[in-house]
Amino acid sequence: MINPHRVPLLEARQLSCRRDERLLFTDLSFILHNGEILLLEGSNGSGKTSLLRILCGFRQADGGELLWQGRSAETADYRAALAYVGHADGSKKELTVLENLLFWQALHTAGDYSLEQALHKVQLSGFEDNLIHTLSAGQKRRLSLARLLINAYPLWVLDEPFTSLDRQGIELIEQLIADQVAGGGAVILTSHHDLTLTFPVLQRIHLDSWH
Amino acid sequence: MALIRAFLAVIRRDLLLAVRRRAEIANPMLFFVMVVTLFPLALGAQPHLLQAMAPAVIWVAALLAALLSLDSLFRSDFEDGSLEQLMLTEHPLAVLVLAKIVAHWLVTGVPLLLIAPLLAVFLGLPAEAITTLLLTLVLATPVLSLIGAIGMALTVGLRRGGMLLSLLVLPLYIPVLIFASAAVERSVSGLAVTAQLNILLALLSLAVVLVPLPTAAALKMSIN
């Protein structure tokens, strides 16, 4: 099924990262194609978030390089292709759900879902005019998932996407991830839960073993 | 086109946020009014001295008010992760940063323009000098927001950046202070002020061109 000659979507070559003289990981390499999922595992402090921040370009790797579609990842193309959902979700608490989504929509190319469809999908219909600070932690998570739907991102980078979500929410994320890879996108996620993800193309990197 | 849409979206969002957090805009304004009001109270019944000091008083107060308002420029975006999201777009961060600075000026500079003439009357400035004061404010308050943005971008990642911010930014405000208050002073004595206004215009043009790139670079450093 996988054609070995196609250009990988994202390729990491011998990345290394140190933090305060402590080596978090070194010589970390992986190749991610369209339609694949990469799961980063590791204990607290093993460098999961640091690796994600390097992948997003927020942090400079201490060694190695990152290639997007065969070329250096330090381009506007790569930044536009990537969606990052982290601990701080980037929504403004003084604005309403709709105002936040409209803002993100104006900054990116439109995706498959309209605003209404996306809100319906993440079960936030009816909350359009609620201010963000009136939402629960789980609802905020759902809002950042809606952002993934209204814009077109070939690569999702999700940092601990399952925190503060209920069972339904977890099922929702699993379904969204399945849709994303089925549509030719790719997903990188971290989790310290033991995931029961049953996706066909799932790579795992265990960061504790990269010291 | 997409870039213009993004630029306007950032301005719109920041203006909307300013409306929702009224206290943040009101505080520097009230501070400005308070500082200017303190001078007549401290000087007592010396109208000539007060009039002579008026340009300096208004401009120093405006600088301090601008400094006070800088915190709202990037702080909340830094804390809630919006800054990271702004970096992950196809648009150059420098352009989005310029949009944020424009919004910041609209929210903090424009109210200064509206209040300053009133305070100038209060300090006994003659009418022609008030026109000059307004012109200097129109030209120079955007420079204050622009220069402040670099300082704010450099210190936003620090836990106690406030003190460092004033040490970084106030020296850079000095040229603005010199030419702006000189212009107002000269027009009180009926002298020509074209040279001072031209220099302020040059400072503004330079700042618009030179500020966004280093500010974007400093924000990337702060995020790291």
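In this predicted model, helices H6(B) and H7(B) meet through an extensive list of side chains. From H6(B) come B:Val97, B:Ile101, B:His104, B:Trp105, B:Thr108, B:Gly109, B:Leu112, B:Leu113, B:Ala116, B:Pro117 and B:Ala120, and these face B:Ile130, B:Leu133, B:Leu134, B:Leu137, B:Val138, B:Thr141, B:Pro142, B:Ser145, B:Leu146 and B:Ala149 of H7(B). Sorted by class, this contact holds 16 nonpolar and five polar residues, with no charged ones.

The geometry of the pair can be read alongside these residues. Helix H6 of chain B spans residues 93-122 and helix H7 of chain B spans residues 127-155; their axes lie 9 Å apart, at an angle of about 150 degrees. The two helices are therefore roughly antiparallel, and H6(B) passes H7(B) in a right-handed crossing.

A second helix pair in chain B can be described in the same terms. Helix H2 (residues 22-43) and helix H3 (residues 47-69) of chain B have axes that come within 9 Å and cross at roughly 155 degrees, so H2(B) is roughly antiparallel to H3(B). Here, too, the crossing of H2(B) past H3(B) is right-handed. On the H2(B) side, the contact includes B:Phe31, B:Phe32, B:Val35, B:Val36 and B:Phe39, while H3(B) contributes residues including B:Leu49, B:Leu50, B:Met53, B:Val57 and B:Ile58. The residues of this contact comprise 18 nonpolar and two polar, and none is charged.

These pairs sit within a chain of ten helices and zero strands. With a radius of gyration of 18 Å, close to the 17 Å that the globule rule gives for 224 residues, chain B is as compact as a globular protein of that length. Along the principal axes, the C-alpha atoms of chain B fill a box of roughly 55 × 30 × 30 Å. Of the 224 residues in chain B, 45% are buried. Among contacts in chain B between residues at least 6 apart in sequence, 80% link residues at least 24 apart.

Chain B also touches chain A, in a contact that takes 21 residues from chain A and 20 residues from chain B. On the chain A side, helix H2 (76-81), strand E6 (82-85) and helix H3 (97-107) each supply at least two residues. The largest share of that side, four residues, comes from H3(A). By class, the side of chain A that touches chain B has eleven nonpolar, four polar and six charged residues.

How values were computed
Residues numbered from 1 in each chain as written. Chains lettered and ligands numbered in written order. Predicted model: local features only at pLDDT ≥ 70, side-chain atom pairs only at ≥ 80, totals over all residues. Axes fitted to C-alpha atoms, helices over the stretch in contact; angles between N-to-C directions. Parallel < 35°, antiparallel > 145°, perpendicular 65-115°, else oblique. Left-handed = near helix turned anticlockwise from the far one by under 90°. Contact = placed C-beta atoms within 7 Å. Nonpolar A, V, L, I, M, F, W, Y, C, P; charged D, E, K, R; others polar. Rg over C-alpha atoms; globule rule 2.2 N^0.38 Å. Buried ≥ 20, exposed ≤ 12 C-beta atoms within 10 Å, placed from the backbone.
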